[in-house]
Amino acid sequence: MRYERSFGMSKTEKELVRTGVSGENVKKLALAALFAALSYIGFQVFRFDIPVGTEKTAFHLGNTFVALGALFIGGAMGGAAGAVGLTIADLTSGYATSAPKTFILKLLIGLIVGFMAHAVFKINEITEKKKLLMATVLSAACGLAFNIVADPLVGYLYKQYVLGIPQEISAAFAKIAALTTSVNAVASVIFATILYIALRPVLKKEGFLN
């Protein structure tokens, strides 16, 4: 049956059919690559650094696209895409020591947002605008609320016990990181919601959502 549908297809399409790769998976992979790139851009371009001793933290919009990816393509793939994009951003912008922490935390943000959106709210099945807005806001807020708590705490432990930074400096950094993370979270929830509501009809029409 798989080969009966191959007539009229391009060589690339036939190869995808032969290997069992569906069009939906290709679209998801394309979106994952896009969200990884957008996460990278959200950090590199929309970033304001705050020096803290020998370290630094930042206001940025990278988390917006972690949440957005999870809303569109699910927590695992969306979270992984954002984690990869922001980890690369860390490695290329003077935040290399934070890269391992970044990968884990961003992946968890995506998993939480994706779980709330797709397992709890069934967001792809919602048609009423008010319910869709509430589901989007709450899903994104749950993932970013986790980050408000986890990022400063994990950062404090990571800097003190892994990087060997003195406790006083680690504690001071954690307090400042809590502020920047909170601002980042609020901004990310707002922008992720706006972008999701705006882009959802377009992606749904093009068959990217199922």
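Asp 49 is partly exposed, because its relative accessible area is 28%, and a value from 20% to 50% falls in that class. In this predicted model, Asp 49 forms a salt bridge with Arg 47, and the closest N and O atoms are 2.8 Å apart. Arg 47 is partly exposed as well, with a relative accessible area of 24%.

Let me stay with the charged pairs for a moment. Side chains of opposite charge can pair when their charged atoms come close. How many salt bridges are there in the structure? The count comes to three.

Another of these pairs joins the side chains of Lys 101 and Asp 151, at 3.5 Å from N to O. Lys 101 belongs to helix α5 and Asp 151 to helix α6, so this salt bridge ties together parts that are 50 residues apart in sequence. Are Lys 101 and Asp 151 buried or exposed? Both residues are buried.

There is also a salt bridge between Glu 128 and Lys 131, whose closest N and O atoms are 4.0 Å apart. Here Glu 128 is partly exposed, at 42% relative accessible area. Lys 131 has a relative accessible area of 52% and is therefore exposed, since the class begins over 50%.

I turn now to the overall fold. The protein chain contains seven helices and two strands. In sequence order, the pattern reads α-α-β-β-α-α-α-α-α. Of the 210 residues in the protein chain, 42% are buried.

The record adds an annotation to this picture. In an unreviewed entry, UniProt places the feature "transmembrane region" at residues 58-83, 103-121, 133-156 and 176-199. Two of these spans can be set against the model. Residues 103-121 are 95% helix and 0% strand, with the end C-alpha atoms 26 Å apart. For residues 58-83, the model gives 81% helix and 12% strand, and the end C-alpha atoms lie 17 Å apart.

Helix α4 deserves its own remarks. This helix covers residues 75-91, 17 residues in total, and reaches 23 Å from its first C-alpha to its last. That span is close to the 24 Å expected at 1.5 Å a residue. Which residues of α4 are buried? Among them are Gly 75, Gly 78, Gly 79, Gly 82 and Gly 85, together with Ala 81, Ala 83 and Ala 89. The buried set also includes Leu 86, Thr 87 and Asp 90.

Ile 88 is likewise found in helix α4. With a relative accessibility of 42%, however, Ile 88 counts as partly exposed. Ile 88 also takes part in a nonpolar patch on the surface, alongside Val 84, Phe 103, Ile 104, Leu 108 and Leu 111. Together these residues have about 470 Å² of accessible area. The elements that give two or more residues to the nonpolar patch are α4 and α5, the latter spanning residues 99-120. Which element supplies the largest share of the nonpolar patch? Helix α5 does, with four residues.

Next, the aromatic residues. A pair of aromatic rings is described by the distance of the centres and the angle of the planes. The structure holds three aromatic pairs. In one of them, Phe 43 and Tyr 95 meet edge-to-face, at 5.4 Å centre to centre and with 80° between the planes. Phe 43 lies in helix α2, residues 23-44, whereas Tyr 95 lies in the loop between α4 and α5, so the pair ties together parts that are 52 residues apart in sequence. Phe 43 counts as buried at 5% relative accessibility, and Tyr 95 is buried at 7%.

A further pair involves Phe 72 and Tyr 196. Their ring centres are 4.7 Å apart and their planes stand at 45°, so the pair is tilted. Phe 72 sits in helix α3, residues 62-73, and Tyr 196 in helix α7, residues 167-205, so parts that are 124 residues apart in sequence are tied together. Both Phe 72 and Tyr 196 are buried. Ring pairs also bring in Phe 35, which is linked with Phe 72 and Tyr 196 into a cluster.

I close with a point of backbone geometry. Most residues other than glycine have a negative phi. Lys 122, by contrast, has a positive phi, near 50°. Where does Lys 122 lie? Lys 122 is in the loop between α5 and α6, the second of these helices being residues 129-162. At 40% relative accessible area, Lys 122 is partly exposed.

Technical notes:
Residues are numbered from 1 along each chain as its sequence is written. This is a predicted model: local features need pLDDT of at least 70, side-chain atom pairs count only at pLDDT 80 or more; totals for chains, interfaces and linings use all residues. Side-chain values use heavy atoms; hydrogens and water are left out. UniProt positions are given in the numbering used here, feature names are shortened, and annotations may be inferred rather than shown by experiment. The expected span of a helix is 1.5 Å times one less than its number of residues. Buried means under 20% relative accessible area, exposed over 50%, partly exposed in between (1.4 Å probe, protein chains only). Patches are made of residues with over 30% relative accessible area and no salt bridge: like charges are joined within 9 Å, nonpolar side chains (Val, Leu, Ile, Met, Phe, Trp, Tyr) within 5 Å. Accessible areas come from the Shrake-Rupley method with a 1.4 Å probe; for residues, only the protein chains shown count as cover. Rings of Phe, Tyr and Trp (its six-membered ring) pair if their centres lie within 6.5 Å; planes under 30 degrees apart count as stacked, over 60 as edge-to-face and the rest as tilted.
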